[in-house]
Amino acid sequence: ILSGAAVTCAAPLHLPDPGVWNWTGKIVSILCMWSLVLFLPALKPARLYATWEQQEGSVLPAILVICLLCVVQIVMQVVFHNTEALSRETLAYQATMPGIDEELVFRALLLGMIDFLCPGRIRVWGAALGWGALFSSVAFGFVHALFVVKGYTIHFDWVGFVISFGFGLGFAWIAERTRSILLSIVAHNAINVAGVLVRALMLR
C-alpha cells in the first residue's frame with residue numbers, strides 16, 4: 001500500500017525529462033521502502049533479504065532459474081503474439097525500476113515478514129519455501145492483474161494473474177535459495193527486458 005501510494009502521489013512531480021514512464025514515482029517508492037526496511041526495527045525479518053551476500057552454492061541454480069524464466073517469457077510473448085514499439089526509455093525503465101521496487105516489497109517485505117509470522121516450510125530444489133512464498137506470489141499476481149479501467153470499472157485479468165503468480169513463485173524461489181533479493185531483482189528485470197525485446201521484434 002505504501003509503495004503504491006508513493007508511486008501515485010509522486011506522479012504529478014516531474015524530473016527534468018520524465019518521459020512516458022513514472023520514474024519519479026518509482027524512485028520515491030524505492031527510497032521510502034528501502035528506508036523502512038533498513039531502519040525500522042520491526043522489519044528485521046525483511047531486512048535479512050536486503051543483502052549482497054548469497055547463500056553458498058546458490059548462485060548457479062539461481063542463474064539457471066533466471067534463464068528458465070526468461071525462456072518462459074519469450075515463449076509466452078510469441079504465443080500471445082504481443083507487440084510493442086521499442087524505445088530506449090522503455091528499455092531503460094524495465095531494466096531497472098520494476099525489479100528494484102517490487103522485489104523489495106514482495107520478496108523481502110512480504111515474504112520475509114509472513115515467513116517470520118507463519119513458520120513451516122518445505123524444501124524445493126534446495127530452497128525452503130513457506131507461506132511467505134505463496135502469499136507474496138498471490139499478492140504479486142493480484143497487483144499485476146487488477147485494473148481500474150475507464151468509468152472506474154474494476155477489471156481482473158485471470159490470465160495475467162496466473163502468469164504473474166507463476167513468475168512470483170519463481171522470484172520467491174530465487175530469494176529463498178540465495179537468501180537475498182539481489183538475483184530476484186536481476187530475474188525480474190531480465191524477464192521484463194526479454195518481453196520488451198520480443199514484443200519489438202514481433203512488429204517486424
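How many positive and how many negative side chains does the protein have, and how far apart do the centres of the two sets lie? The protein has 12 positive and 11 negative side chains. The centres of the two sets lie 3 Å apart. These values, like those that follow, were computed from a predicted model.

The fold was described next. The protein contains nine helices and four strands. Along the sequence, the elements follow the pattern α-α-α-α-α-α-β-β-α-β-β-α-α. Six helices thus open the order, and two helices close it. The C-alpha trace spans about 45 × 35 × 35 Å along the principal axes. The radius of gyration is 17 Å, and a compact globule of 204 residues would have a value near 17 Å, so the two agree. Of the contacts with a separation of 6 or more, 73% join residues 24 or more positions apart.

Surface and interior were then compared. Buried residues make up 44% of the 204 residues. The protein exposes about 11300 Å². Carbon and sulfur atoms supply 74% of that exposed area.

The interior was examined through its nonpolar side chains. In soluble globular proteins, nonpolar side chains tend to be buried together. The largest nonpolar core in this model has 34 residues. Leu-69, Leu-109, Phe-171 and Ile-174 have the most contacts inside this core. Several elements give two or more residues to the core: helices H2 (23-39), H4 (59-79), H6 (97-117), H7 (131-145), H8 (158-178) and H9 (182-201), together with strand S2 (127-130). Helix H6 gives the largest share, seven residues.

Ile-174 illustrates the contacts of one core residue. Neighbours within four places in sequence are left aside here and below. Ile-174 is in contact with Ala-62, Val-65, Ile-66 and Leu-69, among others. Its further partners include Arg-179, Ser-180, Leu-183, Ser-184 and Ala-187.

Two of these partners were followed in turn. Leu-183 is found in helix H9. Its relative accessibility is 12%, under the 20% cut-off, so Leu-183 counts as buried. Leu-183 is in contact with Gln-54, Val-59, Ala-62, Ile-66, Ile-174 and Thr-178. Ala-62 and Ile-66 thus touch Leu-183, and Ala-62 and Ile-66 also touch Ile-174. Leu-183 and Phe-171 are 12 residues apart in sequence, and their C-alpha atoms are 8.4 Å apart in space.

Val-65 was the second partner. Val-65 lies in helix H4. At 10% relative accessibility, Val-65 counts as buried. Its contacts are Trp-125, Gly-170, Trp-173 and Ile-174. Val-65 and Gly-19 are 46 residues apart in sequence and 33 Å apart in space, C-alpha to C-alpha.

Helix H4 also holds Met-76. Met-76 is buried, with a relative accessible area of 15%. Met-76 is in contact with Ile-163 and Phe-167. Met-76 and Gly-195 are 119 residues apart in sequence, yet their C-alpha atoms are 8.8 Å apart in space.

A polar residue was also found in the interior. Ser-164 is found in helix H8. Its relative accessible area is 10%, so Ser-164 is buried. Ser-164 touches Phe-140, Gly-141 and His-144. Ser-164 and Val-143 are 21 residues apart in sequence and 8.8 Å apart in space, C-alpha to C-alpha.

Backbone angles were considered last. Most residues other than glycine have a negative phi. His-81 has a phi near 50°, a positive value in a residue other than glycine. His-81 lies in the loop between H4 and helix H5 (88-94). Its relative accessibility is 52%, over the 50% cut-off, so His-81 counts as exposed.

Trp-125 also has a positive phi, near 50°. Trp-125 is found in the loop between strand S1 (121-124) and S2. At 54% relative accessibility, Trp-125 counts as exposed. Trp-125 is nevertheless in contact with Val-65, and Val-65 counts as buried.

Methods. Residues are numbered from 1 along each chain as its sequence is written. This is a predicted model: local features need pLDDT of at least 70, side-chain atom pairs count only at pLDDT 80 or more; totals for chains, interfaces and linings use all residues. Side-chain values use heavy atoms; hydrogens and water are left out. The radius of gyration is taken over C-alpha atoms; the globule rule is 2.2 Å times the number of residues to the power 0.38. Buried means under 20% relative accessible area, exposed over 50%, partly exposed in between (1.4 Å probe, protein chains only). Contact means heavy atoms within 4.5 Å. Accessible areas come from the Shrake-Rupley method with a 1.4 Å probe; for residues, only the protein chains shown count as cover. Lys and Arg count as positive and Asp and Glu as negative; His and the chain ends are not counted. The place of a charge is taken as NZ of Lys, CZ of Arg, CG of Asp or CD of Glu. A nonpolar core is a set of buried Ala, Val, Leu, Ile, Met, Phe, Trp, Tyr and Cys residues joined through side-chain atoms within 4.5 Å.
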